[in-house]
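Hello,

Here is the structure I promised to send over. Have a look at it first, and then read on for what turned up.

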Amino acid sequence: MDVDFPLWLRAQHLLNFVLMGMLIRSGIEMLSSLPRLWWRKDCAPGTEWLKFTRRELPKEEGVYTSLMDEKSVHPLLSLPGRENIGLGRHWHGLSVMFWVLNGVVYVGLLFVTGLWRRIVPTSWEVFPEAWDSLLMYLSLEVPDISHFSPYDSLQMLGYTFVIFILAPFQMLTGIAMSPAIRSRFPWYVKMWGGHQGARSLHFIGLVLFSGFIVMHVSLVFLVHREHNMVNMVFGGGEVTTARAAQALVIMVSTIVAVAVFWIFLSYWSLADRARAQRFTAGITEIGRKLFLNRLRPLGAAKKAYTDDDISEFHWTNGLPPTEEESPLWVQARDNDWEGLTITLRDDINDVETQLTVDDLRKLPRHSYVATHTCMQGWSATSRWTGVRLTDLMDVLGPRPEGARYLLAESYGLAQKMYDNRPREPFYAAIDLETMAEEESILAYERNGHPVDNHLGGPARLRVESNHGYKHVKWVSRIMWIHDYADYGDGRGGTREDSALQAFNGRI
């Protein structure tokens, strides 16, 4: 029996189907966290080009947080669902890693075996022939089986577009949303229209992919169904009624099994979210280590972003401390920060000192323009001014032996806790290499003015190679520590603890 569709080809199609479903479902979870899309870099309310919510946003900064905009999606539709942006991002990253690997192997085997000639057009005649096929489909007629050898011209153009144009497009726009890529190759992100341009284009790519999948699967069952099913299940050979019926049963059973698997992943994740975080973040960290961790910000060499790029609007996540949460911060705010101190601490040797905001301003000054991105999807570009973390911690003297991380804690509280216990001070830990980056600072000015209260005044952490959940606002103390596992729930920060983000916030 001649096999026109070898086993490797069929297996990779099935794996691609599984992974694409995971990508789309986790993408829905990520989009539901901020169900709005912009072309503008500042994400100003009312300027969205598309939104999936009826909520109207206030125009005033600092009165509405991005978490308030999050929507809950049922686990049957998204992965995992129910407002779990952290796990959604992990599942998306895991799916991307295996989808790209599967795609590279698939394309490689296409060229090694010569099967690429069945997909990639080698003659300009493919265009008029594809047009004729399109007109035939639009007239609800079915091309004769002789048009397929094994694909007709319209299919060839569709497959070529999806495999060699759309898939790479999704990869390129996807990495453009990584803070590590933006801080190292800012020109590349700007080329896509900034973070929001890349995010919107990535969404459009998702729509095109979804449309292709729906059309592709529909045509399998509507156009020469018996031949399609025998080819997809058995790889080719004689087409008989019995073989076609057997192939139909296998195909339908497989589709049902894959759908059950997708839903299982959601409920398995929700049953023990911490377990799901350990599993997914552990796998995706492999990709971060291989491709992102060695990318360090350009710092002063960065020329792509200037004051002309500064945003008009800046979202926030989390509201300033209240009287109940931090009477000291509120009292100092009302007295031009008089009496407020920021503690620098060596938590290994129990040594500490306090600095005022005026003390901070006396330390070496560092200023730059950078784009802030939240893991939910919004962004804003500002000029930040402050003191580098390396210069700041030098006030305590040499780095203590055994110090492996820097931990910053806030006067403000977490928005919510993982197990709904009373809210605790917001904190985040970073590794020493990230701390030493030129654009890791304690900022006290934004755009030439003191940092706004709702954005973290009087001083906030800036770690430009990471997403915003590492940028602690309303900083109360910064400490040398040995291991972040000894603090909070041991995951490296409040958003890691409560939203199950990854400790490594570089993508």
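Let me start with one stretch of the chain, residues 349-480: the span is 11% helix and 44% strand, and its end C-alpha atoms lie 9 Å apart. Please keep in mind throughout that this is a predicted model. In UniProt, an unreviewed entry lists these residues, 349-480, as "domain: Oxidoreductase molybdopterin-binding".

The same kind of record annotates another part of the chain. According to UniProt (again an unreviewed entry), residues 5-234 are covered by "domain: Cytochrome b561 bacterial/Ni-hydrogenase". That span, residues 5-234, is 62% helix and 2% strand, and the C-alpha atoms at its ends are 8 Å apart.

**The strands**

There is an open sheet of five strands, and its order is β4-β3-β12-β7-β8 with mixed pairing. At the edges are β4 (351-355) and β8 (425-431), each of which pairs on one side only. From one strand to the next, the twist averages 15°. One pairing in this sheet is that of β3 (residues 342-346) with β12 (residues 475-481): the two run parallel and are joined by four bridges. If you want to find this pair on screen, look for T343, whose bridge partner in β12 is R477.

Another set of strands can be followed from β5 onwards. Strand β5 (residues 366-373) pairs with β6 in the antiparallel sense, over eight bridges. A370 is a good place to look here, with S382 in β6 as its bridge partner. The two strands form a hairpin with five residues between them, and in the turn G377 has a positive phi of about 130°.

How buried is β6 itself? Strand β6 spans residues 379-388, and eight of its 10 residues are buried, so it is mostly covered. Besides β5, strand β6 also pairs with β9 (residues 440-446), running antiparallel to it over five bridges. Two positions mark this pairing: G386 has A443 in β9 as its bridge partner, and R388 stands opposite I441 in β9.

Strand β9 is mostly covered too, with seven of its seven residues buried. Its further pairings are these:

- With β11 (residues 460-463), β9 pairs in the antiparallel sense over four bridges; I441 has R462 in β11 as its bridge partner.
- With β10 (residues 449-450), β9 pairs in the antiparallel sense over two bridges; E445 has P450 in β10 as its bridge partner.

The hairpin of β9 and β10 has two residues between the strands, and N447 takes a positive phi near 55° there. I441 is worth a second look, since this residue turns up twice: R388 stands opposite I441, and R462 in β11 is the bridge partner of I441.

**The helices**

Now to helix α7 (residues 194-222) and what packs against it. The axes of α7 and helix α4 (residues 153-175) come within 9 Å and cross at roughly 150°, which makes α4 roughly antiparallel to α7. In passing α7, helix α4 makes a left-handed crossing. Which residues meet here? On the α4 side they include G158, Y159, F161, V162 and L166, and on the α7 side they include A198, L201, H202, G205 and H216.

Helix α8 (residues 225-234) is another partner of α7. The axes of α7 and α8 are 6 Å apart and pack at an angle of about 115°, so the two helices are roughly perpendicular to each other. From α7, residues L219, V220 and F221 take part; from α8, they meet R225, N228, M229 and M232.

**One residue to look at**

Finally, please have a look at P75, which lies in the loop between β2 (50-51) and α2 (85-113). Is P75 buried or exposed? With 0% relative accessibility, P75 counts as buried, because the cut-off for buried is under 20%. Leaving aside its neighbours within four places in sequence, P75 is in contact with R25, P80, G81, R82, S266, Y267 and L270. As for distance, P75 and V223 are 148 residues apart along the chain, and their C-alpha atoms are separated by 33 Å.

Happy browsing, and best wishes!

Technical notes. Residues are numbered from 1 along each chain as its sequence is written. This is a predicted model: local features need pLDDT of at least 70, side-chain atom pairs count only at pLDDT 80 or more; totals for chains, interfaces and linings use all residues. Side-chain values use heavy atoms; hydrogens and water are left out. UniProt positions are given in the numbering used here, feature names are shortened, and annotations may be inferred rather than shown by experiment. Buried means under 20% relative accessible area, exposed over 50%, partly exposed in between (1.4 Å probe, protein chains only). Two strands pair if DSSP finds at least two bridges between them. Axes are lines fitted to C-alpha atoms, for helices over the stretch in contact, and angles run from 0 to 180 degrees between N-to-C directions. Angles under 35 degrees count as roughly parallel, over 145 as roughly antiparallel, 65 to 115 as roughly perpendicular and the rest as oblique. A crossing is left-handed if the near helix is turned anticlockwise from the far one by less than a right angle, and right-handed if clockwise. Contact means heavy atoms within 4.5 Å.
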